[in-house]
Amino acid sequence: MKIELIKGDITKIKADAIVNAANSSLLGGGGVDGAIHRAGGKQILDECIEIRNRQGKCKTGEAVVTTAGSLPAKYVIHTVGPVWNGDEEKSSKLLANCYQNSLRLAESLDVKTIAFPNISTGIYRFPKELAGNIAVDEVKKFNSDVIEKIIFVCFDDENEEIYRKLLEE
Ligand code: ADP
């Protein structure tokens, strides 16, 4: 699997799947979630509402999939990152689950390229360095015959710098 780093807006990425750092309501929010719903259109929210009606809220660490609406991607994989509360062990496991479950779901959809934002490092205040370490570890650990490329999309300079160093190692 190839790993790439891009600085920019995930809604512009042409990948088979982009990942959304959603909240458990699946009904949209701020940050990257708001950007994806705004750029992708109402179809994404409609499918999120269908999922909610079927299964209820999405638990932290889990992932669900919808269309990408009018985005250049095929699918949006919505995963719910943990809100940082200082419990490093528990939060780290939950964040790792986000990456694992998103990758598993992507594989089941025959996704070849997938883009991740820096889950939980915005409104959810997860320490960026720790989150970056977890993201890169989980992706490197995930052996896939299906997924060919993983793109980390960093929006802010601090995350870009963290990922650049991590991926040089
Ligand atoms: P969370 O609630 O999981 O912390 P946020 O959306 O607040 O989610 O932040 C997650 C990360 O997404 C942050 O690093 C933020 O800078 C980044 N981000 C915000 N908007 C975009 C975007 N359009 N594309 C990619 N990343 C984004």
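Modeller: Before we look at anything else, two strands count as paired if DSSP finds at least two bridges between them, and we should keep in mind that this is a predicted model. For strands 2 and 4, which run parallel, there are six such bridges, and in one of them I18 has V76 of strand 4 as its partner.

Colleague: In what order do the six strands of the sheet stand?

Modeller: In general, the strands of a sheet pair through backbone hydrogen bonds, either parallel or antiparallel. Here the sheet is open, its strands follow the order 1-6-5-2-4-3, and the pairing is mixed. Strand 1 (2–7) and strand 3 (63–67) are at the edges with a single partner strand each, so one side of each is left without a neighbour in the sheet. On average, and with direction ignored, neighbouring strands are turned by 25° against each other.

Colleague: In which sense do the edge strands pair, parallel or antiparallel?

Modeller: Strand 1 pairs with strand 6 (residues 149–154) in the parallel sense over six bridges, and there the bridge partner of L5 is F152. Strand 3, by contrast, runs antiparallel to strand 4 and is joined to strand 4 by five bridges, with V64 standing opposite H78.

Colleague: What does helix 1 lie across, and which of its residues are buried?

Modeller: Burial is read from relative accessible area, with under 20% as the cut-off. Helix 1 (residues 31–40) lies across strand 2 (17–22) and strand 4 (75–80), and runs at about 130° to strand 2. Its buried residues are D33, G34, A35, I36, H37 and G40, and these pack against strand 2, helix 2 (42–55) and strand 4. Strand 4 is itself mostly covered, with five of its six residues buried. Just after helix 1 comes G41, whose phi is positive, near 90°.

Colleague: How many aromatic pairs are there, and how should I read the one between W84 and F126?

Modeller: A pair of aromatic rings is described by the distance of the centres and the angle of the planes. The count here comes to four aromatic pairs. For W84 and F126 the ring centres are 4.9 Å apart and the planes stand at 65°, so this pair is edge-to-face. The pair links distant parts of the chain, 42 residues apart, since W84 is in the loop between strand 4 and helix 3 (88–108), and F126 in the loop between strand 5 (113–116) and helix 4 (128–141). Both W84 and F126 are buried.

Colleague: Why is the pair of F152 and Y163 called tilted?

Modeller: The ring centres of F152 and Y163 are also 4.9 Å apart, but the planes are at 50°, so the pair is tilted. F152 belongs to strand 6 and Y163 to helix 5 (residues 157–168), so the pair ties together parts that are 11 residues apart in sequence. F152 is buried, with a relative accessible area of 0%, and Y163 is buried as well, at 1%. These two residues, with Y99 and F116, form one aromatic cluster.

Colleague: Which residues are the closest to the ligand, and which polar atoms lie by its oxygen atoms?

Modeller: The ligand is surrounded by 16 residues, of which the closest are D9, V32, T121, G122 and I123. An N or O atom in the side chain of T121 is 2.8 Å from an oxygen atom of the ligand, while a polar backbone atom of G122 is 2.9 Å from a ligand oxygen atom. For D156, a polar side-chain atom lies 3.3 Å from an oxygen atom of the ligand.

How values were computed. Residues are numbered from 1 along each chain as its sequence is written. This is a predicted model: local features need pLDDT of at least 70, side-chain atom pairs count only at pLDDT 80 or more; totals for chains, interfaces and linings use all residues. Side-chain values use heavy atoms; hydrogens and water are left out. Helices (H or I, at least four residues) and strands (E, at least two) are DSSP runs, numbered from the N terminus. Axes are lines fitted to C-alpha atoms, for helices over the stretch in contact, and angles run from 0 to 180 degrees between N-to-C directions. Contact means heavy atoms within 4.5 Å. Rings of Phe, Tyr and Trp (its six-membered ring) pair if their centres lie within 6.5 Å; planes under 30 degrees apart count as stacked, over 60 as edge-to-face and the rest as tilted. Buried means under 20% relative accessible area, exposed over 50%, partly exposed in between (1.4 Å probe, protein chains only). A residue is near a molecule or strand if one of its heavy atoms lies within 4 Å of it. A polar contact is a pair of N or O atoms within 3.5 Å; within protein, one must be able to donate a hydrogen and the other to accept it, and residues adjacent in sequence count only if both atoms are side-chain atoms.
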